[in-house]
Amino acid sequence: MEYFGGENTTVVALATPAGEGGLAAVRVSGPEAFAVAAKVFVADGFGINPEPRRAVYGILQWPIDGLSAANKAGCPIDQALVLPFKGPHSYTGEDTVEFFCHGGRVVAQSVVSACRMAGAEPAVAGEFTRRAFLNGKLSLGQAEAVADLIHAESEHSARAAVRQLLGGLDDQLREIEKPLLDILSHIEGSLEFVDEEEITVPHDEVLRVLGEGVARLDRLVEMAPAGRLLRDGIHVVLAGSPNVGKSSLFNALLEDDRAIVDGEAGTTRDVISGRRHRAGSVFVLHDTAGLRDDPGRVEEMGIKRTWRQVAEADIVLSLNVAGEETPTISHDGGAPVISVYTKSDLSPGFVAPAGAVLISSTTGDGVDELWRVVDAAVAGFQLEEAISLGVVLNERHLHKLSLCRGDLERLRHEVDLNAPGDEIVGSLLSSILSGLGEVSGRVFTEHLLENIFQRFCVGK
Ligand SMILES: Nc1nc2c(ncn2[C@@H]2O[C@H](COP(=O)(O)OP(=O)(O)OP(=O)(O)O)[C@@H](O)[C@H]2O)c(=O)[nH]1
Ligand SMILES: [Mg+2]
């Protein structure tokens, strides 16, 4: 599929969710936006050259010329406001018109249809933001932040996305790029006049800047897990032997009677997941099949799934019954494991080992304390730092930044050991800078944009 018809097309889409609502916004963008508006919107003094950024009240109607069916031509659709923007001073950087009409299943769709009859094409997912990026209105990080903001499910992820939209990630990248660019421009300035063995910037200075670049990239890369947690939620897996009370605790943590609880060992056969919004974050809790050595066939399949969940967890709750000897969970997934002793009401004298949490799902004792321990584990994920800097990294960022970090480190090594001339340092530096440019969007391919903008909804 062609992503969009080309920069010369004028596109239209409903910018607000379809369905009933007080208001709906329809956006038209492209060289013919004002001409389209003039055909579907009637108000005193409103014409083909509207005053930018001034809202006008009038009547939306089916266009009189064009493809409009004769019996509809000129018929009113709604009373509405129109707000024109003259490019480049608009979201997309193009001439843009926004209509604010009544919300509802028919009206907003009719406005879109009328605009299409007047010459606009339907916009595809993310097309307005993609145009904004191509017209230099947004960096790639900002465009990605728009999608994150729209999809944000928690207060934390929305806060981080809006900071990224305001330039958080771009600022971090600029701080890394700026000193490298300074060196490169010195070198390139000198390359025109001297031979390639020349060394323009002292090696000590180059080493210092490269070392600083590596350290800054390290700090950025360390924030990648926070990006995933902000976007996907914090995955907490409850695991342990059969009957230790996993499903009971799962229900208590969710404050919902989701999973079946029973005295028979092996009740839970499959992974059951539930989302809980808490303390500004989304926690995705997973109840699992009890782990034991001699399971039946179905139970064994469940146990395989348990291990898979444990391997992908952000936090593992390893459950044991207070006062009973049961095997503990050991795994190499790297996620912090919180040891939880259950059914405290049955063993009043039991004292949990240091660092473990003693709970009773029956009485609710210890559940708040368990959340506090979970929160302390979450504090280790640098969410606050990612939020305050406005850096929500995704797989693509992480991959590119790690490659750049590796290249920078290798260049530093090379300069340190072999003291190469300007030409070599310059060419390696410029390839590292173009790698960084792929994160910021200075350097991009059609394929990359397609991947990024397919996450968007139509109308954004
Ligand atoms: N007294 C008491 N009983 C509990 C508590 N938590 C769970 N139980 C009981 O322990 C039994 C097993 O609880 P579940 O929550 O189903 O245990 P599970 O770990 O999910 O078990 P499987 O799904 O079979 O692996 C049930 O009879 C529960 O009522 C508790 O805090 N106190
Ligand atoms: Mg269970």
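This is a short dialogue on how to read a predicted protein model.

User: Before we start, what kind of model is this, and how are things numbered?

Analyst: It is a predicted model, in which local features need pLDDT of at least 70 and side-chain atom pairs count only at pLDDT 80 or more, while totals for chains, interfaces and linings use all residues. Residues are numbered from 1 along each chain as its sequence is written, chains are lettered from A and ligands numbered from 1 in the order in which they are written, and side-chain values use heavy atoms, with hydrogens and water left out.

User: Thanks! How many helices and strands does the protein chain have?

Analyst: Helices (H or I, at least four residues) and strands (E, at least two) are DSSP runs, numbered from the N terminus. Here the protein chain has 15 helices and 13 strands. The radius of gyration is 29 Å, well over the 23 Å from the globule rule for 460 residues, so the protein chain is more spread out than a compact globule. That radius is taken over C-alpha atoms, and the globule rule is 2.2 Å times the number of residues to the power 0.38. Along the principal axes, the C-alpha atoms fill a box of roughly 85 × 75 × 35 Å.

User: Into which domains is the protein chain divided?

Analyst: Domain bounds come from an automatic or database domain assignment. In this case they give domain 1 (11–139), domain 2 (145–223 + 390–440) and domain 3 (230–381). The centres of domain 1 and domain 2, taken over C-alpha atoms, are separated by 41 Å. Contact means heavy atoms within 4.5 Å, and by that rule four residues of domain 1 are in contact with four residues of domain 2.

User: What share of the residues is buried, and how much area does the protein chain expose?

Analyst: Buried means under 20% relative accessible area, exposed over 50%, and partly exposed in between (1.4 Å probe, protein chains only). Buried residues are 49% of the 460 in the protein chain. The exposed area is about 21900 Å², with carbon and sulfur atoms supplying 52% of it; such areas come from the Shrake-Rupley method with a 1.4 Å probe, and for residues only the protein chains shown count as cover.

User: And how far apart are the mean positions of the positive and negative charges?

Analyst: Lys and Arg count as positive and Asp and Glu as negative, without His and the chain ends. Each charge is placed at NZ of Lys, CZ of Arg, CG of Asp or CD of Glu. For the 41 positive and 67 negative charges of the protein chain, the mean positions are 6 Å apart.

User: Now the backbone. Which peptide bond is cis, and which residues have a positive phi?

Analyst: Most residues other than glycine have a negative phi, and most peptide bonds are trans. The bond from Gly87 to Pro88 is cis, with omega near 5°, and Pro88 sits in the loop between strand S5 (76–85) and strand S6 (96–102). Glu255 has a positive phi, near 55°; this residue is in the loop between helix H9 (246–254) and strand S9 (272–278) and is exposed at 62% relative accessible area. Gln382 also has a positive phi, near 60°. Gln382 falls in the loop between helix H11 (367–379) and helix H12 (383–389) and, at 23% relative accessibility, is partly exposed.

User: Let's try single residues. Is Gln61 buried or exposed, and what does Gln61 touch?

Analyst: Gln61 counts as buried, at 13% relative accessibility, and belongs to strand S4 (residues 56–61). Not counting residues up to four places away in sequence, Gln61 touches several residues, among them Lys39, Val40, Cys75 and Ala114.

User: What about Leu398? Where is Leu398, and what does Leu398 touch?

Analyst: Leu398 is in helix H13 (residues 395–418) and is partly exposed at 25% relative accessibility. Leaving out residues up to four places away in sequence, Leu398 touches Val221 and Ala224. Its C-alpha atom is 50 Å from that of Ile59, and the two residues are 339 apart along the chain.

User: How should I read sequence separation against distance for Glu212 and Glu127?

Analyst: Put the two numbers side by side. Glu212, in helix H7 (residues 203–221), has its C-alpha atom 8.2 Å from that of Ile176, 36 residues apart along the chain. For Glu127 and Thr200, 73 residues apart along the chain, the C-alpha separation is 46 Å. Glu127 lies in helix H3 (residues 127–134) and counts as buried at 1% relative accessibility.
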